[in-house]
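User: Please take a close look at one helix pair in this model and at what surrounds it. I would like the packing, the buried faces and the neighbouring loops and strands in one connected account.

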Amino acid sequence: MDRLRKVNEDSYRIQDDGSIGPMTEKKIKENDGTMVTVVCISYNHEKFIRDALDSFLMQKTDFKFKIFVGEDHGPDHTADIIREYARKYPDIVVPFIREKNMGAQRNLIDLCQHATSPYIAFCEGDDYWTDPEKPEYVLMADQYAAGAGYLPITTTDIEDTTGSSWKLLSSGS
């Protein structure tokens, strides 16, 4: 917590990187060393979800990352496939199997709210990554923001109504 300094009763700041809310302080304390959480929402993606999960798992990193998969009560066997991957990779794949459909936006927000990592990468369950170093881009984002060169991604600072904040990674591939 030495990286945080209190700005006022309801707000904290990580050095000069920007304000974060009190929920973020709690998440920092709860983090298990995960640097990036891959957030994947899925509905009726039985034909595609294996490709998506395999593309996340092939990532070459020198840091810990997790994959949160939110299966939104689809009519197919996507949930079974996600459970299979969670059993095979219990320290990486975290399934969120919904009891009823909550919609894509709420599914995404819920996954982000459960993440404790400082960075979030996003890919839907019917897409996949072709670059085996995608999460590495997340950690280069701060250098990019400081003008250190080209980075083929965009990062967006997100804060929700609970006061949690994240950096969301997105790109075209």
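Analyst: The buried residues of α2 pack against β4, β5, α3 and β6. These residues are Ile49, Ala52, Leu53, Ser55, Phe56 and Leu57. The model is a predicted one, and the values below are computed from it.

Of the partners of α2, helix α3 is taken up next. Helix α2 spans residues 49-57 and α3 spans residues 78-88; their axes lie 10 Å apart and make an angle of about 25 degrees. Angles under 35 degrees count as roughly parallel, and α2 and α3 are therefore roughly parallel to each other. Their crossing is right-handed. On the α2 side, the contact is made by Ile49, Arg50, Leu53, Asp54 and Leu57; on the α3 side, by Thr78, Ile81, Ile82, Glu84 and Tyr85. By type, the residues of this contact are 6 nonpolar, 1 polar and 3 charged.

Ile49, Leu53 and Leu57 belong both to the contact with α3 and to the buried set of α2. An α-helix has 3.6 residues a turn, so residues three or four places apart point the same way.

Helix α3 has its own buried set: Thr78, Ala79, Ile81, Ile82, Tyr85 and Ala86. They cover an arc of only 160 degrees around the axis, which places them on the same side of α3. Turned away from that buried side is a face with the exposed residues Arg87 and Lys88. Thr78, Ile81, Ile82 and Tyr85 are buried and also take part in the contact with α2. The buried residues of α3 pack against β4 (34-42), α2, β5 (64-71) and β6 (93-97). Strands β4, β5 and β6 are thus partners of the buried residues of α3, and they are partners of the buried residues of α2 as well.

The loops that lead into the two helices come next. The loop between β4 and α2 contains Asn44 and also Phe48. Asn44 has a positive phi of about 60 degrees, although it is not a glycine. Most residues other than glycine have a negative phi. With a relative accessibility of 38%, Asn44 counts as partly exposed.

Phe48 is partly exposed too, with a relative accessible area of 38%. Leaving aside residues up to four places away in sequence, Phe48 touches Gly125 and Asp126. Phe48 and Asp126 are 78 residues apart in sequence, yet their C-alpha atoms are 5.0 Å apart in space.

The loop between β5 and α3 holds His73. Its phi is positive, about 55 degrees, and His73 is not a glycine either. His73 has a relative accessible area of 43%, so it is partly exposed.

Two strand residues show what lies around β5 and β6. Lys64 is in strand β5 and, at 34% relative accessibility, counts as partly exposed. Apart from residues up to four places away in sequence, Lys64 touches Asp32, Gly33, Thr34, Met35 and Val36. The C-alpha atoms of Lys64 and Gly33 are separated by 6.5 Å, with their positions 31 residues apart along the chain.

Phe96 is in strand β6. Its relative accessible area is 14%, so Phe96 is buried. Not counting residues up to four places away in sequence, Phe96 touches Phe68, Val69, Gly70, Glu71, Asp110, Leu111 and His114. Phe96 and Phe68 are 28 residues apart in sequence and 7.1 Å apart in space, C-alpha to C-alpha.

To set this part in the whole chain: the protein chain has 5 helices and 9 strands, which follow one another as β-β-β-α-β-α-β-α-β-α-β-α-β-β. Of its 173 residues, 42% are buried. Among contacts between residues at least 6 apart in sequence, 68% join residues at least 24 apart. The pair Phe48 and Asp126, 78 residues apart in sequence, is linked by one such contact, as Phe48 touches Asp126.

Definitions and conventions. Residues numbered from 1 in each chain as written. Predicted model: local features only at pLDDT ≥ 70, side-chain atom pairs only at ≥ 80, totals over all residues. Heavy atoms only, no water. Axes fitted to C-alpha atoms, helices over the stretch in contact; angles between N-to-C directions. Helix = DSSP H or I, 4+ residues; strand = E, 2+ residues; numbered from the N terminus. Parallel < 35°, antiparallel > 145°, perpendicular 65-115°, else oblique. Left-handed = near helix turned anticlockwise from the far one by under 90°. Contact = heavy atoms within 4.5 Å. Nonpolar A, V, L, I, M, F, W, Y, C, P; charged D, E, K, R; others polar. Buried < 20%, exposed > 50% of the residue type's maximum accessible area, 1.4 Å probe, protein only. Arc of directions from axis to C-beta.
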